[in-house]
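Here are a few exercises to work through with the viewer open. Try each task yourself before reading the solution.

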Amino acid sequence: MKLYDMRQAPNPRRVRIFLAEKGVEIQREEVDIVSGANLNPGYLAINPRGVVPTLMLDDGQMLDESIAICRYIEGLHPEPNLFGASPWEAADVERWQRRMEFDGLFNVAAAFRNTAPAYAERGAPGAGPPTPAIPAMAERGQLLARQWLDRLEERLEGRDHIASDRFTIADITAFVCLDFAKWVGIRAGDQHPNVAAYHARIKARASSAA
Ligand SMILES: N[C@@H](CCC(=O)N[C@@H](CS)C(=O)NCC(=O)O)C(=O)O
């Protein structure tokens, strides 16, 4: 197996943290998406969507969604369980993971992509026709990402983790999103003590350096 990765990018980081929590090592290759290496014919032959992360399996099959990759790894290496063990826990983890992704990560990405000069004509990740940045989408992304942060503060009242009562994939997405949000000037302030303590707690895990 080989993971096509990019050190600074948030989605590949989710997979790296997941692998670190599992204690699994995979061969990695860096793809510089800022310079557009993900849009070169060589990479598009591996993943026609031109996004990272991509997991290439030994039999030539490929997975190119972070959570799908993590689910595959969970199937191969069930312990420690990170997607929920009982039917209830798995459903609870799923809903919180999705909320962290849809309400957090996607909105921060909109705020970032629609303002970063390198993405002026690359409004959508990966391959495709030129897509100009839309400043109003950045503004809306900012607004919704800040709402996500406020809701996260409420969710973490009296809790150590986002879902269930232990570390799961929902924490990985939340933690990565909190770091990504700093790129667009969104960070836990005085009104977010629960989020600040949570971030410090997750950062203390060895996997956070992955
Ligand atoms: N939903 C996908 C999102 C993948 C994605 O957007 N990856 C970004 C890096 S975080 C990317 O490949 N961007 C390519 C580009 O900017 O052209 C996942 O979770 O894997």
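**Exercise 1.** Locate Ser164, then decide whether Ser164 is buried or exposed.

*Solution.* Start with the place: Ser164 sits in the loop between H5 and H6. This is a predicted model, so keep that in mind throughout. Next, check the backbone: Ser164 has a positive phi of about 50°, even though it isn't a glycine. Finally, look at the surroundings. A residue is called buried if 20 or more other C-beta atoms lie within 10 Å of its own. Ser164 has 20 C-beta neighbours inside 10 Å, so Ser164 counts as buried.

**Exercise 2.** Find the cis peptide bonds at Pro53 and Pro80, and say which loops these prolines lie in.

*Solution.* Take Pro53 to begin with: the bond joining Val52 and Pro53 is cis, with omega about 5°. Pro53 lies in the loop between helix H2 (41-46) and E3. Now go on to Pro80: the peptide bond from Glu79 to Pro80 is cis too, with omega near -10°. Pro80 belongs to the loop between H3 and helix H4 (87-113).

**Exercise 3.** Work out which residues of H3 are buried and how they are arranged around the helix axis.

*Solution.* List the buried residues of H3 (residues 66-76): Ser66, Ile67, Ile69, Cys70 and Ile73. Then look down the axis of H3: these buried residues fall within an arc of 155°, so they line one face of the helix. Now flip to the face turned away from the buried side, which carries the exposed residues Ala68 and Gly75. Last step, the packing partners: the buried residues of H3 pack against helix H1 (10-22), strand E3 (54-56), strand E4 (62-63) and helix H6 (169-181).

**Exercise 4.** Write down the strand order of the four-stranded sheet and say which strands stand at the edges.

*Solution.* The sheet is open, has mixed pairing and runs in the order E2-E1-E3-E4. Strand E2 (27-30) and E4 stand at the edges with a single partner strand each, so one side of each has no neighbour in the sheet. For the pairing of E1 (residues 2-5) with E2, you get the parallel sense over four bridges. One bridge to look up is that of Lys2, whose partner in E2 is Gln27.

**Exercise 5.** Describe how domain 1 and domain 2 meet, and explain why the ligand lies between them.

*Solution.* First, split the chain: domain 1 covers 2-76 and domain 2 covers 87-209. Their centres, taken over C-alpha atoms, are 20 Å apart. At the contact, 16 residues of domain 1 touch 13 residues of domain 2. On the domain 1 side, H1 gives the most, with seven residues. By class, that side has 10 nonpolar, two polar and four charged residues.

Now bring in the ligand. It is surrounded by 13 residues, of which the closest are Ala9, Asn11, Val51, Ser66 and Pro125. This shell divides into seven nonpolar, four polar and two charged residues. Both domains give residues to the shell, so the ligand lies between them.

**Exercise 6.** Say which residues Leu152 touches, setting aside those up to four places away in sequence.

*Solution.* Place Leu152 in helix H5 (residues 135-155). Leu152 has 23 other C-beta atoms within 10 Å, so Leu152 is buried. With the sequence neighbours left out, Leu152 touches Ala174 and Val195. You can also check a distance: the C-alpha atoms of Leu152 and Gly104 are separated by 9.4 Å, while the two residues are 48 residues apart along the chain.

Definitions and conventions
Residues numbered from 1 in each chain as written. Predicted model: local features only at pLDDT ≥ 70, side-chain atom pairs only at ≥ 80, totals over all residues. Near = placed C-beta within 6 Å. Nonpolar A, V, L, I, M, F, W, Y, C, P; charged D, E, K, R; others polar. Domains from an automatic or database assignment. Buried ≥ 20, exposed ≤ 12 C-beta atoms within 10 Å, placed from the backbone. Helix = DSSP H or I, 4+ residues; strand = E, 2+ residues; numbered from the N terminus. Arc of directions from axis to C-beta. Contact = placed C-beta atoms within 7 Å. Pairing = 2+ DSSP bridges.
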